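Please open the model in your viewer and keep the selection panel at hand. The stops below say what to select next and what is there.

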Amino acid sequence: MPRTVAVVGGGISGLAACYHLARSPQAPKVVLLEASARVGGWLQSTRTEDGAVFEHGPRGIRPAGAVGRDTLHMVSELGLEGDILPVPGDHPASRNRFLYARGALHKLPSGLGGLLRPVPPFSRALFWSGLRDLLAPASTQPDETVHAFVCRRFGEEVADIAVDSLCRGVFAGDCRALSVRSCFPALFEAERHRRSVLLGLVLGRGKKPGAESPLSRRARAERWSQWSLRGGMESLAVALAAFLRQRGVELHCHAPLRCLRRGPGGGWQLALADGTVTADHVVSAIPAGALAEVLPAEAEPLARELRHIPAVAVAVVNLQYEGAKLPVTGFGHLVPSSEDSSLLGIVYDSVAFPEHNRSGATSLRLTVMLGGAWFTQSFGDPAAVAPSLLLRRAQDAVRAHLGLEAAPSHSIVKVHKACIPQYTLGHWRRTESISHYLTEQGLPLSLIGASYAGVSVNDCIASAKAAVSRLLGQPC
Ligand code: FAD
């Protein structure tokens with residue numbers, strides 16, 4: 001059992017690792033090192049004086065599954081139940097999702113009726129795609145791109161329109177480059193174990209445990225599709241930081257790790273700008289590429305694998321309109337790359353979370369997501385792009401897709417460089433080879449965070465919990 005653990009990176013992954021370390025019965029000394037001025041990483045919310053909340057990173061967390069239950073358990077323990085903003089199953093933001101294709105908005109089909117007849121933008125009833133999946137033979141390939149997998153099982157149209165858009169919505173990525181095994185492990189496993197994706201999803205592989213709490217039971221009873229917090233998602237990071245300080249965790253902001261060296265006693269020396277921290281074990285919660293930069297020269301084989309995990313930039317444009325009405329109501333719409341590769345989609349934030357509107361006003365908040373895997377070809381270098389260009393592009397999209405002609409009353413443009421890791425074809429081989437290297441070399445180093453096994457907030461928290469369990473040799 002290590003006596004001192006240094007956690008590097010104060011995003012949700014690093015904070016969750018500290019949380020699980022700090023609440024273990026024999027908690028080691030925990031030091032968190034964060035490069036920037038604040039903790040939370042991509043959990044970034046702006047709260048304006050008139051009560052509006054604008055999310056620049058994640059805006060909704062799914063409650064489903066073991067990982068969703070675990071996050072809700074943590075939220076309860078942090079005393080945030082009263083701040084939860086749920087989106088119940090019968091809410092329009094749960095039921096209605098749209099695609100913008102061939103110059104028009106289309107509601108994604110739901111219910112049996114929607115599957116039995118052709119619903120634009122699809123030319124054939126989706127029933128036929130489902131039938132194809134039930135009849136198609138299973139592949140034995142170790143991995144495939146998401147596009148190739150869906151083409152083979154459900155047909156080209158579902159891959160080109162629906163799944164192309166989904167990958168842009170979740171990973172800001174290109175389904176022709178992303179790996180089905182790593183991005184959608186449930187689909188990959190379903191084909192492996194049941195020969196059909198639909199059968200595999202329906203029959204499942206048994207319920208994974210996850211920590212139950214009154215909140216997770218409520219989420220199930222009310223069929224929440226997602227939830228947020230009254231103060232925005234960043235308040236989760238703020239609450240975690242307060243919990244950690246109370247438990248004696250040392251939190252250091254403005255503390256970028258410059259270089260990681262093995263110490264004389266088998267532990268680590270972490271070189272910072274103004275000193276050195278020593279630790280028996282390091283939990284790296286920074287992006288794979290950032291870790292590659294600080295590893296010692298002798299760990300080059302590990303650094304080489306880490307450098308092969310790329311990440312894409314996304315421009316997040318928050319817009320607020322006064323007295324405007326949307327032509328449709330729902331979570332938002334995605335845009336397939338064949339329609340406009342530079343525009344990933346538009347989230348109708350006010351529909352899911354009206355509590356985040358400015359007080360006493362009929363304002364409408366939207367978020368336009370731009371770039372992703374197409375950032376450079378669309379806008380050039382993310383470090384050099386003019387915010388005014390992105391704002392204009394976002395406003396044009398809102399005008400064309402939603403018919404909102406007026407100028408927004410408030411706007412915020414953020415360019416997040418390398419913010420979403422891309423699990424490209426063969427990602428599973430890279431993560432396996434990384435694990436082998438760590439074991440073979442006996443390195444007291446755990447790698448967690450969005451770069452490896454899931455980009456959602458739930459996945460990041462789950463990766464932290466699993467790493468701490470392995471490190472302490474006991475379930476968290
Ligand atoms: P990060 O948040 O990147 O944190 C890493 C931290 O390490 C940062 O604070 C950084 O400053 C620090 N750091 C880097 N280098 C060093 C160093 N050398 N020394 C010390 N510190 C260092 N997920 C959802 O579930 N739902 C959503 O709706 C959703 N929407 C998203 C929208 C956007 C625009 C983005 C970008 C992501 C979204 N995600 C969403 C994904 C999710 O938010 C992220 O995957 C997750 O927050 C990543 O957390 P992390 O802690 O692994 O990494």
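Begin by selecting strand β1, residues 4–8, where four of the five residues are buried; a residue counts as buried if 20 or more other C-beta atoms lie within 10 Å of its own, as exposed if 12 or fewer do, and as partly exposed in between, with C-beta atoms placed from the backbone. Helices (H or I, at least four residues) and strands (E, at least two) are DSSP runs numbered from the N terminus. This is a predicted model, in which local features need pLDDT of at least 70 and side-chain atom pairs count only at pLDDT 80 or more, while totals for chains, interfaces and linings use all residues. Residues are numbered from 1 along each chain as its sequence is written.

Add strand β2, residues 29–33, which runs parallel to β1 and is joined to it by five bridges; two strands are taken to pair if DSSP finds at least two bridges between them. To locate the register, pick T4, whose bridge partner in β2 is K29.

Next, select α1, residues 12–22, in which ten of the eleven residues are buried. Among the buried ones are I12, G14, A17, Y19 and L21. Which elements do the buried residues of α1 pack against? They pack against β1, β2, α2 (65–77), α12 (234–246), β13 (281–284) and α19, where a contact means that the C-beta atoms of two residues, placed from the backbone, lie within 7 Å.

From there, move to A239 in helix α12. A239 is buried because 21 other C-beta atoms lie within 10 Å. Leaving out residues up to four places away in sequence, A239 touches L78 and L80. If you draw a distance from A239 to V75, C-alpha to C-alpha, the value is 8.9 Å, although the two residues are 164 apart in sequence.

Now display the ligand with its shell of 38 residues, of which G9, G11, G41, P58 and G449 come nearest; a residue is near a molecule if its C-beta atom, placed from the backbone, lies within 6 Å of it. Colouring the shell by class gives 23 nonpolar, 13 polar and two charged residues, with Ala, Val, Leu, Ile, Met, Phe, Trp, Tyr, Cys and Pro counted as nonpolar, Asp, Glu, Lys and Arg as charged, and the others, Gly among them, as polar. The elements that each supply at least two residues of this shell are α1, α13 (288–294), β14 (311–322), β18 (410–421) and α19 (457–472).

The next selection is an open sheet of seven strands with mixed pairing, in the order β7-β6-β15-β16-β17-β14-β18. β7 (104–107) and β18 stand at the edges with a single partner strand each, so one side of each has no neighbour in the sheet. On average, neighbouring strands are turned by 25° against each other, direction ignored; axes are lines fitted to C-alpha atoms, for helices over the stretch in contact, and angles run from 0 to 180 degrees between N-to-C directions. At one end of the order, β6 (residues 98–101) and β7 run antiparallel and are joined by four bridges, and Y100 stands opposite L105 in β7. Show helix α7, residues 156–171, which lies across β6, β15, β16, β17 and β18 and runs at about 75° to β16. Then add helix α17, residues 387–402, which packs on the sheet and whose direction makes about 115° with that of β17.

For a second sheet, select β10, β11 and β12, three strands that form an open, antiparallel arrangement in that order. Four bridges join β10 to β11, residues 268–272, and L260 stands opposite L270 in β11.

Finally, colour by domain: the assignment gives domain 1 (4–43 + 234–309 + 424–472) and domain 2 (110–203), with bounds that come from an automatic or database domain assignment. Their C-alpha centres lie 34 Å apart, and the contact takes six residues from domain 1 and eight from domain 2. As a last pick, take L201 in helix α10, residues 197–203, which counts as partly exposed because 15 C-beta neighbours lie inside 10 Å. Neighbours within four places in sequence aside, L201 is in contact with A186 and A190.
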